[in-house]
Amino acid sequence: MERPPLERELEAPFASFIRVRLVEEEKGRVRLALVADREHLDRWGRVHSGVLATMMDSTLGRALTTLRGGPEVRRRSPHPTIAMSVVFYDTARAGERLEAEGRVVALHADRAYGEAEVRCGDGRLLARADMVFAIVKER
């Protein structure tokens with residue numbers, strides 16, 4: 001099975017550590033991917049739910065950055081995740097490609113809201129999240 005090329009590594013240390021890659025980026029929407037490996041699994045051989053949650057958090061954080069003026073603005077005025085509601089629907093195994101897509105649904109002066117999901121390469125929905133971010137005043 002030939003895998004589609006992953007475009008590039010993320011700058012965020014933890015996302016980079018788990019080998020999440022940027023696939024697509026536009027204003028308010030981002031797609032990330034990774035190929036599940038042994039290090040991503042729980043004790044039962046399934047992709048750990050924390051990997052899925054991290055992928056969704058990373059997609060939305062980056063999507064929000066695209067609307068707020070890029071990484072330089074985010075350094076001066078971060079937008080930490082303050083709430084995340086996740087539902088897990090299915091599991092994945094090592095060797096499967098996982099794709100997360102997130103989009104910002106509302107951006108206000110002090111808060112932002114978004115939704116994300118992770119799907120397996122075969123289209124199965126693995127997880128979905130609704131998230132809230134705080135917009136910190138510029139330093």
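## A tour starting at Arg46

Select Arg46 to begin: with a relative accessibility of 28%, this residue counts as partly exposed. The model you have open is a predicted one. Keep Arg46 on screen and add Asp42, because the side chains of these two residues form a salt bridge, with N and O 3.5 Å apart. Asp42 is the buried partner, at 19% relative accessibility, since buried means under 20%.

Next, colour Arg43 and Trp44. The charged end of Arg43 sits over the ring of Trp44, 5.5 Å from the centre of that ring.

**The sheet**

Now switch to a cartoon view and look for the strands. Seven of them, 7 strands in total, make an open sheet, and its order is β1-β2-β3-β5-β6-β7-β4, with antiparallel pairing. Which strands stand at the edges? They are β1 (8-9) and β4 (81-88); each has a single partner strand, so one side of each is left without a neighbour in the sheet.

Start at the β1 edge. This strand runs antiparallel to β2 (residues 21-26), and 2 bridges join them. Select Glu9 and you will find Arg21 of β2 opposite.

Step across to the other partner of the hairpin. β2 and β3 are antiparallel too, paired over 5 bridges. Show Leu22 together with Leu32, its bridge partner in β3. Then follow the chain around the turn: this hairpin has 2 residues between its strands, and Gly28 there has a positive phi near 80°.

Stay with β3 (29-35) for a moment. Of the 7 residues in this strand, 6 are buried, so the rest of the structure largely encloses it. Toward β5, the strand pairs in the antiparallel sense over 7 bridges. Pick Val30 and look opposite to find Gly102 in β5.

**The helix across the sheet**

Select residues 49-67, which make up helix α2. This helix lies across β1, β2, β3, β4, β5 (97-107), β6 (111-120) and β7 (125-134). Turn the view to compare its direction with β5: the angle is about 45°.

**Charged pairs**

Side chains of opposite charge can pair when their charged atoms come close. How many salt bridges does a search of the whole structure find? The count is 17.

Select Glu25 and Arg62 for one that reaches the helix; their side chains meet in a salt bridge, 2.6 Å from N to O. Glu25 belongs to strand β2 and Arg62 to helix α2, so this pair ties together parts that are 37 residues apart in sequence. Is each partner buried or exposed? Glu25 counts as partly exposed at 35% relative accessibility, while Arg62, at 17%, counts as buried.

Go back to the hairpin for another pair. Arg29 and Glu24 form a salt bridge in which the closest N and O atoms are 2.4 Å apart. Arg29 is buried, having a relative accessible area of 15%, whereas Glu24 is partly exposed at 28%.

Widen that selection to see what else is linked: Glu24, Glu26, Arg29, Arg31, Arg97, Glu99 and Glu101 belong to a network of salt bridges.

**Last stop**

To finish, display the aromatic side chains and hunt for a pair of rings; the structure holds 1 aromatic pair. When you look at such a pair, note that two aromatic rings are described by the distance of their centres and the angle of their planes.

Conventions. Residues numbered from 1 in each chain as written. Predicted model: local features only at pLDDT ≥ 70, side-chain atom pairs only at ≥ 80, totals over all residues. Heavy atoms only, no water. Pairing = 2+ DSSP bridges. Helix = DSSP H or I, 4+ residues; strand = E, 2+ residues; numbered from the N terminus. Contact = heavy atoms within 4.5 Å. Axes fitted to C-alpha atoms, helices over the stretch in contact; angles between N-to-C directions. Salt bridge = Lys/Arg side-chain N within 4 Å of Asp/Glu carboxyl O. Buried < 20%, exposed > 50% of the residue type's maximum accessible area, 1.4 Å probe, protein only. Phe/Tyr/Trp six-rings, centres within 6.5 Å; stacked < 30°, edge-to-face > 60°. Lys NZ or Arg CZ within 6 Å of the ring centre and 35° of its normal.
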